[in-house]
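Me: Here's a structure I'd like to talk through, one question at a time. Can you keep it casual and spell out the cut-offs as you go?

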Amino acid sequence: MLSVSSNPKKAALAKAVRRPPQQERSERTLVTILDVAGNLFAEVGYEATTMTAIAARSNTSIGGLYHYFHDKNSIVLALVQQYGLAVEAEWKLLTAQAPGLTPRKFADIFIETMLRVVRQHPFYLALQTAPVRLRRDPASHRALRLAIASAFRAKNPALTERRAFMSANVVVQTVSGMTRLFAESAPQDQPTVVADYKVILTAYLTAILRG
């Protein structure tokens, strides 16, 4: 279940909701709405999911739903913010391990970690093919890349800060591309997509981290 009880999550949601919850009961309502919306996006897709359906399944009045969100895209933004926080939490664990990992092991763990997060948030794959732009907070984007760049420099001290940041951006964009292709592929083709991207990422990391 999603939570809005911790400060980082409250801060993220504050940018996505019309009126951030001030009481525990309101927080529980918002958690329920987001859980329901995420499940509906995963089950029937972005287009078929309506504000009316979200309100009905979450036992919220349509007025109550609009109290928190301007429209369906606002709900998507809130869900993407939650997904981003989950990714960052995983990255904190991975970057701590990075200096002791080979490029191949790093690529394997990185991609499998991202896939695990995606599977824990199935709405994200559904939204990959939706006619919406999954835009996250720019500060959060930069923070993630800085964390990755720091891990790269720990592995290869010869990297400048600028080069490490650029490489982190390449890695993030590569895995984002894999996620989109993974979402668009037939189930029987998805393992091949993952395997191919591991080869690509391993080759790139080998060149960057070994100088």
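**Contacts, burial and helix packing**

Me: Which residues does Leu65 touch, not counting residues up to four places away in sequence?

Reply: Let's say what a touch is before listing any. Contact means heavy atoms within 4.5 Å. Leaving out residues up to four places away in sequence, Leu65 touches Ile33, Met51, Ile54, Ala55, Thr60 and Ile75.

Me: What sort of model is this?

Reply: Local features need pLDDT of at least 70 and side-chain atom pairs count only at pLDDT 80 or more, while totals for chains, interfaces and linings use all residues. Residues are numbered from 1 along each chain as its sequence is written, side-chain values use heavy atoms, with hydrogens and water left out, and the model is predicted.

Me: How many helices and strands are there in the chain?

Reply: Both come from DSSP runs, numbered from the N terminus: H or I over at least four residues for a helix, E over at least two for a strand. Reading from the N terminus, the elements go α-α-α-α-α-α-α-α-α-α. The count is 10 helices and 0 strands.

Me: Back to Leu65: is it buried or exposed?

Reply: Leu65 is found in helix H4. Buried means under 20% relative accessible area, exposed over 50%, and partly exposed in between, with a 1.4 Å probe and protein chains only. The relative accessibility of Leu65 is 0%, so Leu65 counts as buried.

Me: How far apart are the C-alpha atoms of Leu65 and Thr52?

Reply: Along the chain, Leu65 and Thr52 are 13 residues apart. In space, their C-alpha atoms are separated by 8.9 Å.

Me: Where is Thr60, and which side chain does it join through a polar contact?

Reply: Thr60 sits in the loop between helix H3 (51-57) and helix H4 (62-68), and Thr60 is buried because its relative accessible area is 15%. A polar contact is a pair of N or O atoms within 3.5 Å; within protein, one must be able to donate a hydrogen and the other to accept it, and residues adjacent in sequence count only if both atoms are side-chain atoms. For the side chain of Thr60, the contact spans 3.0 Å and the partner is Ser58.

Me: What about Asn59: buried or exposed?

Reply: Asn59 is also placed in the loop between H3 and H4. Asn59 has a positive phi of about 55 degrees, although it is not a glycine. With a relative accessible area of 74%, Asn59 is exposed.

Me: Which helix gives the most to the largest nonpolar core?

Reply: A nonpolar core is a set of buried Ala, Val, Leu, Ile, Met, Phe, Trp, Tyr and Cys residues joined through side-chain atoms within 4.5 Å. The largest one has 59 residues, and Phe41, Phe69, Ile75, Trp91 and Phe152 have the most contacts inside it. With 9 residues, the top contributor to this core is helix H5 (residues 72-97).

Me: How are H5 and H6 oriented to each other?

Reply: Axes are lines fitted to C-alpha atoms, for helices over the stretch in contact, with angles from 0 to 180 degrees between N-to-C directions. The axes of H5 and helix H6 (residues 103-120) come within 10 Å and cross at roughly 155 degrees. Angles under 35 degrees count as roughly parallel, over 145 as roughly antiparallel, 65 to 115 as roughly perpendicular and the rest as oblique. That makes H5 and H6 roughly antiparallel.

Me: Is Ser167 buried or exposed?

Reply: Ser167 is found in helix H9 (residues 161-184). Apart from neighbours within four places in sequence, Ser167 is in contact with Phe152, Tyr204 and Ile208. Because Ser167 has 0% relative accessibility, it counts as buried.

Me: And Arg162?

Reply: Arg162 has its place in helix H9. The C-alpha atoms of Arg162 and Ala149, 13 residues apart along the chain, are separated by 8.7 Å. With a relative accessible area of 65%, Arg162 is exposed.

Me: How do H9 and H10 run relative to each other?

Reply: The axes of H9 and helix H10 (residues 190-209) come within 10 Å and cross at roughly 170 degrees. Residues making the contact include Ser167 of H9 and Tyr204 and Ile208 of H10. H9 and H10 are therefore roughly antiparallel.
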